[in-house]
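Biologist: Please take a close look at the aromatic side chains of this model. I would like their contacts described one by one, followed by a word on the cysteines.

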Amino acid sequence: MLNCNKKRLEDKIATFSKFGATNNGGITRLSLSKPALQARAEFSKRMKSLGATIITDDMGNIYATLKGSEDNLPHIAMGSHCDSVVQGGNYDGILGVLTAMEVAETIVTEKVSHRHPITVMIWTNEEGARFDPAMMSSGVITGKFDKEKMLASKDINGITFGEALDQSGYKGEEKNRINPKDYIALVELHIEQGPVLRSKNIDIGVVEGVVGMINYEFQFIGQAGHAGTVPQKMRKDALLAASEAIQYLHKELDKLDDKLVYTTGRIICSPNVHTIIPDNVKFTLDARHQNPKVIQEVVAIIENLPNELAKCKVIYKKLWSRNTVRFNNELINLVEKSSNFYGYSNMKLYSGPGHDAQFAADMLPTTMIFVPSIGGHSHCEIEKTPLDNCLKGANVLLQTILSIDKQ
């Protein structure tokens, strides 16, 4: 039975954890920053040593390809992203790259024959932590985002994505993009970023798709005033109104399906001074569910929010949304069979977070493999997946890629 190499994979994880390392065991590796460029250089060096050909496209995505035995067959792609959030962990995104590298190294060192070219990818700016939005490059390639607008996106220092890309040395040609004409499949391994697999002692998540979601912003307009002089009954306190709205929304949303998850993750209070009554407060609501009917019920609750709370004007608008994405059934089944081939416990599930694979699924057969996250922790420095689980994920990825090649 063919297996990936545990020590090699451990070395890859340890090496890449140095690029952007924080003092608390995590990483800050923002897209196209110096640490991200260091990770890209290490990736390119290692893949070239395996005999891979390296190209990039116009969004800076990297493609490292091992030639197949038969000419003119479409590529099989695997990989993920190497950028992180601020003070993130050493597994989100990058593990999908490292396991794909290990699969490629196993194929080369074990001299495994394969008909199709096998390509290991790094997507650019998946997190959107430096340049908005998330999944930028896959969004441009699949027509979700306007390229010129993305190139103009600025970081907190006023540097545009286009400027950073030009300076990175990784700007290639549009003709090098992943596309359905030249690629037969894409498989992305990722940490679960949640607690389900770990809590159930499951080795592998067979990902069926990515749940749909909506994101709304609410605004409450009141009247500022001195905290010591305006009687309570005469106030138009925007923060009080916002807090009433949050409680109302949570109470109503709790009545829906128990698989619905929703979050108030950002609150902006103005003027944000301890001696002034707040006159303008905004907050966001992020809601996610696999069933579009449940999402519609969420929207209905939002639209029935009382027009005036705490005597304040209420305004809401949809910032963005996405539909539920279903991955390719044949590839889903291959991941499940590959897990069973090694005797690994597995379960089917949908992803709550978004991934480049969900955009890629619009143009070619795609699926994902999840490995457990200890405590469900992600986007934080204590994020961790045990090495044995990483190796199991790599083995499933290896067998899935070889199965695709045979078919």
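Modeller: In this predicted model, the charged end of arginine 40 lies over the ring of tyrosine 170, at 5.1 Å from the ring centre. Contacts between rings are also present: the search of the whole structure yields 11 aromatic pairs. One of them joins tyrosine 216 and phenylalanine 218, whose ring centres are 6.5 Å apart. Their planes meet at 35°, so this pair is classed as tilted. Tyrosine 216 is buried, at 8% relative accessibility, and phenylalanine 218 is likewise buried, at 0%. Another pair is formed by phenylalanine 341 and tyrosine 342, with centres 5.1 Å apart. Here the planes stand at 85°, and the pair is therefore edge-to-face. Phenylalanine 341 is partly exposed, with a relative accessible area of 41%, whereas tyrosine 342 is buried, with 11%. Tyr216 and Phe218 also belong to one aromatic cluster, together with Phe220, Phe283 and Tyr316.

As for the cysteines, the count of disulfides is zero. For cysteine 4, the closest cysteine sulfur is that of cysteine 390, and no bond is possible because the two sulfurs are 12 Å apart, while a disulfide requires them to be within 2.5 Å. Cysteine 312 is in no disulfide either, the nearest cysteine sulfur being that of cysteine 269, 11 Å away. Both residues are shielded in the sense of accessible area: cysteine 4 is buried at 6%, and cysteine 312 is buried at 0%.

How values were computed: Residues are numbered from 1 along each chain as its sequence is written. This is a predicted model: local features need pLDDT of at least 70, side-chain atom pairs count only at pLDDT 80 or more; totals for chains, interfaces and linings use all residues. Side-chain values use heavy atoms; hydrogens and water are left out. Buried means under 20% relative accessible area, exposed over 50%, partly exposed in between (1.4 Å probe, protein chains only). Rings of Phe, Tyr and Trp (its six-membered ring) pair if their centres lie within 6.5 Å; planes under 30 degrees apart count as stacked, over 60 as edge-to-face and the rest as tilted. A charge sits over a ring if NZ of Lys or CZ of Arg is within 6 Å of the ring centre and within 35 degrees of the ring normal.
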